[in-house]
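Open the model in your viewer and keep the selection tool at hand. This tour goes from one aromatic ring to the next.

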Amino acid sequence: MKQRLSTTIKEPSVIARVIKRTPFEALSSDGTLAAAVMVAAALCAVIVANTPLYASVHHAFTQSLGIWIANFYVSMTFEAFINDFLMAIFFLLVGIELKYEMVVGQLRRPRQALLPMLAAVGGVCVPALIYTAFNWGKSVHGWAIPIATDIAFALGVMSLLGKRVAPQTKVFFQTLAIADDLLAIVVLALFYGQSLDVVWCAATLGVILCLALLSRAKIFSAKPYLIVGFVLWICMYNSGVHPTLAGVILAFFLPVKSDIRLSHLHSWLSHQTNMLDEHLDTDVHILGQHDVSYDAQRIERIMHHVTPPLERVEGYISVLVNFVILPIFAFTNAQICLTGTDFSTLASDPVVQGVFLGATLGKPIGIISVTFVLVKIGFAKLPKHVDWIQIIAVGIMGALGFTMSILISGLAFDVPQEIMAAKFAILMGSCVASVVGILFVFVAQAIKADARAKA
């Protein structure tokens with residue numbers, strides 16, 4: 001006995017349960033939780049680094065890993081695998097976010113995005129100048145360490161302020177942080193590569209051309225891009241250009257459109273529903289209804305392709321990046337052994353002073369001053385519901401440069417003492433910026449409310 005499919009779905013709760021986000025999905029999309037996990041991993045690293053476990057952990061991270069790929073043998077330490085390969089996946093997510101903003105987000109309207117983007121330029125230049133002033137003539141190669149803002153970390157801290165911060169302020173901060181990331185990526189590419197290998201550079205260009213051809217040919221499956229992207233990483237790893245940039249390059253070639261015409265989708269789904277109705281027999285067990293299963297699988301495949309490859313890849317890697325890769329990176333790179341350290345000597349280290357003051361003073365000065373000048377000369381206006389208290393808070397929290405800053409510190413220095421000093425300053429600067437930023441908003445808004453009440 002056949003029965004129409006539409007009459008067999010009698011329980012709306014079934015549909016509601018299927019489309020409702022699971023607790024895991026809700027937690028994994030929480031930016032504050034992701035930032036907390038990364039911070040917890042960093043704190044755990046500092047604790048481990050000052051216990052007898054440090055020697056064993058350090059030995060594990062320096063172990064060599066090797067893999068044969070065709071006729072090529074790639075060998076690196078576990079630490080390098082995290083910093084060079086896993087972080088390339090992180091950069092892929094950063095690149096996806098950048099491309100998304102350029103297509104449908106804040107960067108789509110340059111005029112609207114120009115204020116936070118130019119503020120980001122100020123937030124990059126001033127910290128670099130402050131660092132250089134403290135380290136002129138010796139450790140100057142670390143000038144880029146305090147220039148970066150960690151999007152996930154900063155927005156996670158800002159979310160703790162709840163409704164005290166307007167949604168428009170978070171959009172302003174996100175746009176600023178994205179522009180900041182873009183500038184940091186350019187700096188990484190231009191100033192922190194190794195000596196270039198001409199043959200591998202040529203191979204890199206050839207692989208990029210393959211990505212361009214895939215995009216030009218309107219290939220809407222994500223797999224070919226990911227495979228070619230992996231080959232691109234291998235070429236860049238051997239070329240002398242920092243291999244994490246392969247993730248950004250790959251992201252910019254991922255299609256932002258679907259090969260499914262949404263205007264035709266409704267009629268096609270109606271036709272497929274009719275076919276399901278024709279094939280459905282309620283007297284036969286579902287396992288025996290092969291035509292129905294085939295039709296359902298075909299609908300699933302088509303609906304899967306409605307989502308553009310850019311979004312699909314983001315869905316594949318976002319949880320992995322936020323809850324696995326970044327915590328592992330934080331644990332690996334935040335291991336600062338402070339046992340027996342003379343903190344007065346450490347505080348007087350020019351690298352510590354340059355990184356700490358470059359971030360905690362340079363970022364606010366650069367961001368706030370550029371924003372103030374552009375608004376006062378009439379070039380731009382503050383977004384609606386955004387006041388100067390919130391702009392100052394954005395400037396202070398711009399000093400949260402955890403991920404990119406730690407990555408650059410490992411590239412800028414070869415001497416372990418300099419790397420340790422830079423990481424110590426990064427962690428201290430991020431902690432100070434978090435606390436000061438939150439306290440500033442609470443105190444400033446309380447004073448403002450009190451003055452308003454007296455008036």
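Start with helix α5, residues 78–103, and select F78 and F81: they are 3 residues apart in this helix, so about one helical turn separates them. Helices here are DSSP runs of H or I with at least four residues, numbered from the N terminus. The model is predicted: local features need pLDDT of at least 70, side-chain atom pairs count only at pLDDT 80 or more, and totals for chains, interfaces and linings use all residues. Residues are numbered from 1 along each chain as its sequence is written, and side-chain values use heavy atoms, with hydrogens and water left out.

Show the side chains next. F78 is partly exposed, with a relative accessible area of 29% (buried is under 20%, exposed over 50%, partly exposed in between, with a 1.4 Å probe and protein chains only). F81 is also partly exposed, at 26%.

Now add F85. It lies in helix α5 with F81, 4 residues away, about one turn of the helix. The ring centres of F81 and F85 are 5.4 Å apart and the planes are at 20°, so this pair is stacked (rings of Phe, Tyr and Trp, the last by its six-membered ring, pair if their centres lie within 6.5 Å; planes under 30 degrees apart are stacked, over 60 edge-to-face, the rest tilted). F85 is partly exposed, with a relative accessible area of 21%.

Finally, select F61, F78, F81, F85, F230, W233, Y237 and F331: ring pairs link them into a cluster. The whole structure holds 11 aromatic pairs.

Conventions: Helices (H or I, at least four residues) and strands (E, at least two) are DSSP runs, numbered from the N terminus.
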